[in-house]
Amino acid sequence: MPDVLKGNDADSAKRPEKKPTDVFGSTESPEDVRSLFSKTTRPDETEGPQYGYSKIRLHKNEEVSPYAATVDARYAMDPRKRAIVLLSVGVFVFFIIAVFLPDQVFSINNLNISLAWWIEGFKENVENLTALITLQAYSGGIEFKVCQYIICLMAGAALGISGALYQGTLKNAMASPSTLGVMSGASLGSIIYILFFYSGGAITTTVISMEEFSSQYAGMNIFQYILATQMQALFTLAGSTIIVMLVLLIARVAGRGKVSKVALIIAGQVFTATIMGIISLIRYWLTYRGDTAQLEAVQSIATGTLSVTFTWLDVVLVAIPVSLGIFIIMRLRSRFNLLAFDDEEARSMGISTTGTRNLVIGICTILTAVVVAFCGTVGFVGFLVPHLARKLVGPDFKYLVPATALLGAALVMVANFLTNQCLNGMGMGSITGIVGALVFLVAVIRQRGRGNADWV
Amino acid sequence: MPIGSKENFDIGSDKPSNPVERDGSWRRGLRRMTDSDAFELSEDAIDFRTSSDLLQEERRALRKKLIILVAALVVLFFLSLSISVSEYEYYSPLEVLSCLGLRIQMFFQDVFTTATPLNVTQAMEIQPHYYEVMTRFGISLMTVICGVLLALAGTLYQNVFRNPIAAPTMLGVSSGINMGLIALVLLFQSSASYMTGYRYLFCYGGAILVLLVVMLSGRAVSGRRSFSVVDMLLVGSIISQLLGTVTTYIGYFYMDDTLWEVYYLISEQIKVNTEVISYISLFTVFVVGVVPIFLLRFSLNAMSFSDTDSKFLGVNANRLRFISLVCGSIMVIAAQIHCGMIAMVSLVVPHLSRFLFGAEFKKQFFGNILIGALLLLFCRNIAAMIPFLEDGLPIGTVVSFVTMPIFVWMLAIQQRSWE
């Protein structure tokens with residue numbers, strides 16, 4: 001063997017001996033071989049988007065990590081799973097806090113920041129909740145608050161998941177649940193109901209006695225009762241589903257049997273614009289006629305927020321479709337990863353692209369329509385929450401679906417909480433935007449310069 | 001058997017119908033050319049057209065289309081002058097022509113002093129509808145300019161974001177206009193409707209402030225890396241949402257009904273305002289926004305490629321994207337202030353012009369402008385012709401109704417799979 005290769009020549013004597021550095025960490029002892037199989041990588045050597053699983057670092061040969069004695073980084077939980085666990089814990093804790101704390105603390109009407117008032121309100125809430133849980137008759141109105149937060153939870157989860165799935169299916173980062181025209185269809189449905197079937201004014205909560213209430217709905221079974229009280233929600237639901245079906249039909253007819261995603265998005269936007277035009281015409285007409293009651297109701301629909309008090313019936317009506325939809329999506333979420341590929345590749349990997357796509361669009365439309373029917377048009381959650389969640393856990397739907405659900409639920413609950421504290425509970429549509437915006441700004445600014453959304 | 005030329009086969013003559021016997025060709029030893037002969041000969045065919053010939057053909061076709069569009073625009077503009085502004089009546093073209101003639105005469109009388117100088121009152125005695133026609137002229141001119149701005153902004157945004165559904169509303173500069181208006185009304189209270197000069201200042205100022213904030217935040221968010229467009233988009237949508245909500249809440253708490261009336265009055269008056277100040281602002285917007293795009297139209301294709309490809313081409317794609325976004329936003333601000341935001345024009349017209357003229361920006365530029373102007377003018381005419389209540393149809397509604405069949409037709413022509 002030549003001397004050069006053995007390292008015995010004069011040249012190699014001058015050069016200092018250097019061991020090759022391993023990408024996965026030092027391999028000086030057999031135990032460290034396990035580092036080859038760890039899930040973490042050095043962030044210095046990776047390129048592209050950093051998703052939070054770069055937060056664990058292996059210490060280099062020379063340095064000693066300050067946490068080496070306490071935590072062995074090789075056995076840490078997958079950071080994505082850890083993020084989901086932390087999120088779920090956070091959502092649960094925040095739910096408890098939001099229900100227990102008294103309302104109207106930072107309201108502009110009354111600045112009640114005194115500790116005594118807080119403790120009073122807290123005690124009252126504890127009493128009411130105890131009464132509620134032990135199924136007593138009078139629980140001081142806390143059940144409305146509990147129902148409100150439960151519906152916020154479900155609405156946020158539904159909107160977040162449908163937003164993530166729309167963005168994945170349409171392969172467009174700017175897609176949201178309102179792309180296919182759900183929101184405009186919902187507005188149109190409500191307005192049709194108000195024009196033809198409704199004689200009252202804007203939806204407000206009125207306190208009526210039990211006798212009045214039961215006399216109105218005496219002798220009805222449960223379905224008639226639901227029909228009688230939730231008429232507007234049913235019209236909204238029908239309107240949004242009909243509009244989305246029309247959009248799909250037009251996209252299919254225009255594509256002569258095949259549906260192109262660009263055609264779908266454009267058809268949805270065109271329909272939304274047309275329906276908004278029709279709605280503005282209706283508003284002009286109502287202003288001309290001077291019908292103030294109906295006009296108020298229409299204005300409240302068009303601005304997009306509903307200040308409705310939720311009862312247990314509303315919770316059940318929202319929970320059934322939303323939980324069913326989320327259950328189906330959670331079972332099939334790994335399959336939706338394949339939709340990111342081309343049609344032929346995805347089909348060669350074993351999914352039926354048309355069937356999966358139809359399922360996704362159908363379930364997401366139902367989820368969004370149900371939420372919009374009960375809570376008004378909440379537009380920003382479905383666009384923002386998937387982007388945020390993707391920065392936390394990455395684009396894999398196995399982790400993204402739970403993350404968007406939890407993050408959306410957290411966002412809407414926080415927004416509702418802030419609305420209850422600062423304003424008179426004006427509905428969650430408008431302040432969701434502010435909360436989501438601030439959270440997103442913080443996340444994006446913290447992540448600046450590191451792997452931006454180049455995947456778009 | 002060799003093939004005879006077509007002069008030998010005279011269809012009109014009273015020769016026997018048997019093609020072989022039709023003339024003396026068969027006797028002369030010639031036969032008729034068949035399809036298989038043509039197929040065989042085509043294999044040896046040489047296309048002697050050079051690349052410059054092909055380019056010339058392309059250019060001629062493009063020019064033909066552009067001339068058709070310009071002619072249509074002129075005709076539509078002239079037709080629009082005969083539609084009245086307030087009453088739903090129509091003036092004859094002769095009347096319109098004589099009004100225009102009077103205007104030209106008044107314009108030139110400063111240069112060539114005539115014996116009887118003309119002013120507006122005398123013109124109105126000669127032509128009773130002079131003022132109406134001139135108002136309509138101003139409105140149509142404004143509409144044409146706004147259509148140009150909207151279409152161009154739409155193309156720029158779609159090229160920058162490489163997304164067929166990118167609309168200029170995404171960057172959220174329209175919320176700045178709202179903010180400016182509310183600031184004006186809150187500052188000057190009831191007398192805000194008399195401040196005609198400050199109106200434009202506040203609106204443009206608010207919108208440009210929002211644009212600056214979005215640009216700076218986008219740059220701050222991108223960090224030391226080069227300017228990322230998607231970051232700016234997300235930040236822009238956030239800021240517009242924030243501003244919109246903040247404006248709504250400020251309006252809810254600090255504005256009462258009289259102030260709301262003033263606000264709606266100003267927002268109505270600002271649209272299609274034919275005073276000199278609006279022309280000045282539009283001219284400024286043209287110079288600041290459209291001229292850079294016109295000068296850069298040969299390079300702007302480079303934005304549509306991926307980042308690595310544009311580096312190969314030697315064009316600074318990021319700088320082009322930045323310039324396009326700034327100019328596009330300025331155009332959208334002006335269009336919104338003077339005409340109201342009509343996102344459909346910005347969405348449809350780039351698709352249409354891409355379909356007609358090809359995907360290159362330099363070919364698409366003029367076609368885009370002309371189609372945008374045509375579309376908006378057409379919708380304005382329709383909106384003026386339909387007697388809907390008092391104020392007529394809002395132009396945004398008409399635009400969405402008109403663009404819907406155009407879109408469906410466009411989608412029907414294209415053969416696409418899901419991709």
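**Exercise 1. Work out how chain B of this predicted model is built and how much of it is buried.**

Step 1. Start with burial: of the 419 residues in chain B, 47% count as buried.

Step 2. Turn to the outside. Chain B exposes about 21200 Å², and carbon and sulfur atoms supply 65% of that area.

Step 3. Look at the secondary structure: chain B has 16 helices and zero strands.

Step 4. Ask how the chain folds back on itself. Taking contacts with a separation of 6 or more, 74% are between residues 24 or more positions apart.

**Exercise 2. Find out how confident the predictor is in chain B and in the complex.**

Step 1. For chain B, the mean pLDDT is 81, and 86% of the residues reach 70 or more.

Step 2. For the complex, the predictor gives an ipTM of 0.71 and a pTM of 0.74.

Step 3. Keep a caution in mind: where pLDDT is low, the predicted coordinates should not be read in detail.

**Exercise 3. Which residues have the most contacts inside the largest nonpolar core?**

Step 1. This core has 210 residues, and those with the most contacts inside it are B:Leu149, B:Leu325, B:Met331 and B:Leu376.

Step 2. Helix 5 of chain A (residues 142-169) gives the largest share of this core, 15 residues.

Step 3. Now zoom in on B:Met331. Setting aside residues up to four places away in sequence, B:Met331 touches B:Leu149, B:Leu152, B:Ala153, B:Leu156, B:Val285, B:Gly289, B:Val290 and B:Ile293.

Step 4. Do not stop there: a second, separate core of twelve residues includes B:Val96, B:Leu100, B:Met106 and B:Tyr130.

**Exercise 4. Decide whether A:Asn125 is buried or exposed, and describe its surroundings.**

Step 1. Locate the residue: A:Asn125 lies in helix 4 of chain A, residues 115-133.

Step 2. Apply the cut-off. Buried means under 20% relative accessible area. A:Asn125 has 9%, so this residue is buried.

Step 3. List its contacts. Beyond its neighbours within four places in sequence, A:Asn125 is in contact with A:Val99, A:Phe100, A:Leu101, A:Pro102, A:Ile142 and A:Lys145.

Step 4. Try a distance too: A:Asn125 and A:Gly382 are 257 residues apart along the chain, and 32 Å separates their C-alpha atoms.

**Exercise 5. Place A:Ile96 in its helix and in its surface patch.**

Step 1. A:Ile96 is found in helix 3 of chain A, which covers residues 79-100.

Step 2. Its relative accessible area is 34%, so A:Ile96 is partly exposed.

Step 3. On the surface, A:Ile96 forms a nonpolar patch with A:Met77, A:Val85, A:Val89, A:Phe92, A:Val93 and A:Ile97. Together, these patch residues have about 580 Å² of accessible area.

Methods. Residues are numbered from 1 along each chain as its sequence is written. Chains are lettered from A and ligands numbered from 1 in the order in which they are written. This is a predicted model: local features need pLDDT of at least 70, side-chain atom pairs count only at pLDDT 80 or more; totals for chains, interfaces and linings use all residues. Side-chain values use heavy atoms; hydrogens and water are left out. Patches are made of residues with over 30% relative accessible area and no salt bridge: like charges are joined within 9 Å, nonpolar side chains (Val, Leu, Ile, Met, Phe, Trp, Tyr) within 5 Å. Accessible areas come from the Shrake-Rupley method with a 1.4 Å probe; for residues, only the protein chains shown count as cover. A salt bridge is a side-chain nitrogen of Lys or Arg within 4 Å of a carboxyl oxygen of Asp or Glu. Helices (H or I, at least four residues) and strands (E, at least two) are DSSP runs, numbered from the N terminus. Buried means under 20% relative accessible area, exposed over 50%, partly exposed in between (1.4 Å probe, protein chains only). Contact means heavy atoms within 4.5 Å. pLDDT is the predictor's confidence in each residue, from 0 to 100. A nonpolar core is a set of buried Ala, Val, Leu, Ile, Met, Phe, Trp, Tyr and Cys residues joined through side-chain atoms within 4.5 Å.
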